[in-house]
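Reader: I have the sequence and the model open side by side. Could you walk me through a few of the charged pairs and one residue of the core list?

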Amino acid sequence: MDQVEVLKNIIETRRSIFPKSYSTDEIDENVLEEILNSANFAPNHKRTKPWRLKIFRGEEKNQLGITLANIYQQTVNSQSFLEKKFLDITDKVAKSNAIITISVNFSGLLPEWEEIAATAMAVQNMYLTATAHEIGCYWSTPGMINHLGEFLGLEENQKCIGLFYLGKV
Ligand SMILES: Cc1cc2nc3c(=O)[nH]c(=O)nc-3n(C[C@H](O)[C@H](O)[C@H](O)COP(=O)(O)O)c2cc1C
């Protein structure tokens, strides 16, 4: 295949693959680094590189899962609380081999949407690189991400806009 065909194939075969379909196999550390590194090549206006990506694995990932479940419990009103949903949150985290939190840094130099757009392009790069390595992944945007700032140590001008779940399929 020439490179045009390779690219077309990766773009067209990319899919969101959810934690229930992940195997328990470990993603190689260098593959995870490649996925993360690909984000840095996204186009970005005024070279602000607004994406802030943090990898969680192992015990840190468990802590992220517990934090998300606690946020759910604390933010949902008691009539709507579902035990199943509460348990599903940590289960999804446990079934993923790694999670990358997706945050945006608003530089103040550009309209906020431009920095969100650049971050979304960085996520697409990660999706495509994961596809090329046959790693399952997907971008998730649960309401809990609006309450992750303290856990992630985000600054006033930063916002978490998603969780990127990864696992071997
Ligand atoms: C900004 C953004 C947010 C998303 N948030 C969620 C989400 O919260 N839950 C979910 O199941 N999928 C989420 N997705 C994944 C979409 O459901 C998925 O991309 C869509 O179903 C199309 O499937 P594909 O990615 O396989 O083409 C999100 C995708 C994007 C781009």
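Reader: With which residue does Glu12 form a salt bridge?

Author: Happy to help, and please keep in mind that this is a predicted model. Helix 1 covers residues 3–13, and Glu12 has its partner 4 residues away there, about one helical turn along. The closest N and O atoms of the pair are 2.9 Å apart, and the partner is Lys8.

Reader: Is Lys8 buried, partly exposed or exposed?

Author: A residue is called buried under 20% relative accessible area and exposed over 50%. Lys8 has a relative accessible area of 47%, so the class is partly exposed.

Reader: Which residue meets Glu26 in a salt bridge?

Author: The N to O distance in this pair is 3.5 Å, and the partner of Glu26 is Arg57. Glu26 sits in the loop between helix 1 and helix 2 (29–39), while the other side chain comes from the loop between strand 1 (51–56) and helix 3 (58–75). The pair therefore ties together parts 31 residues apart in sequence, with the far end at Arg57.

Reader: Of that pair, which residue is buried?

Author: Glu26 has a relative accessible area of 53%, so this residue is exposed. Its partner has 18%, and the cut-off for buried is under 20%. The buried residue is therefore Arg57.

Reader: Where do Asp91 and Lys95 lie?

Author: Their side chains meet in a salt bridge of 2.9 Å, N to O. Asp91 is partly exposed at 36% relative accessibility, and Lys95 is partly exposed too, at 37%. The two are 4 residues apart, about one helical turn, and the element that holds them is helix 4 (residues 83–95).

Reader: Which residues are joined into one network by salt bridges that share partners?

Author: In general, side chains of opposite charge can pair when their charged atoms come close. Here, shared partners link salt bridges into one network, and its members are Glu26, Glu29 and Arg57.

Reader: How many salt bridges are there by this rule?

Author: The rule asks for a side-chain nitrogen of Lys or Arg within 4 Å of a carboxyl oxygen of Asp or Glu. Glu12 with Lys8 is one of these pairs, and Asp91 with Lys95 is another. By this rule the count is 5.

Reader: Now for the other residue: is Thr101 buried or exposed?

Author: Thr101 belongs to strand 2 (residues 98–105). Leaving out residues up to four places away in sequence, its contacts include Arg52, Phe56, Leu64, Leu152 and Leu163. Its relative accessibility is 1%, so Thr101 counts as buried.

Definitions and conventions:
Residues numbered from 1 in each chain as written. Predicted model: local features only at pLDDT ≥ 70, side-chain atom pairs only at ≥ 80, totals over all residues. Heavy atoms only, no water. Buried < 20%, exposed > 50% of the residue type's maximum accessible area, 1.4 Å probe, protein only. Contact = heavy atoms within 4.5 Å.
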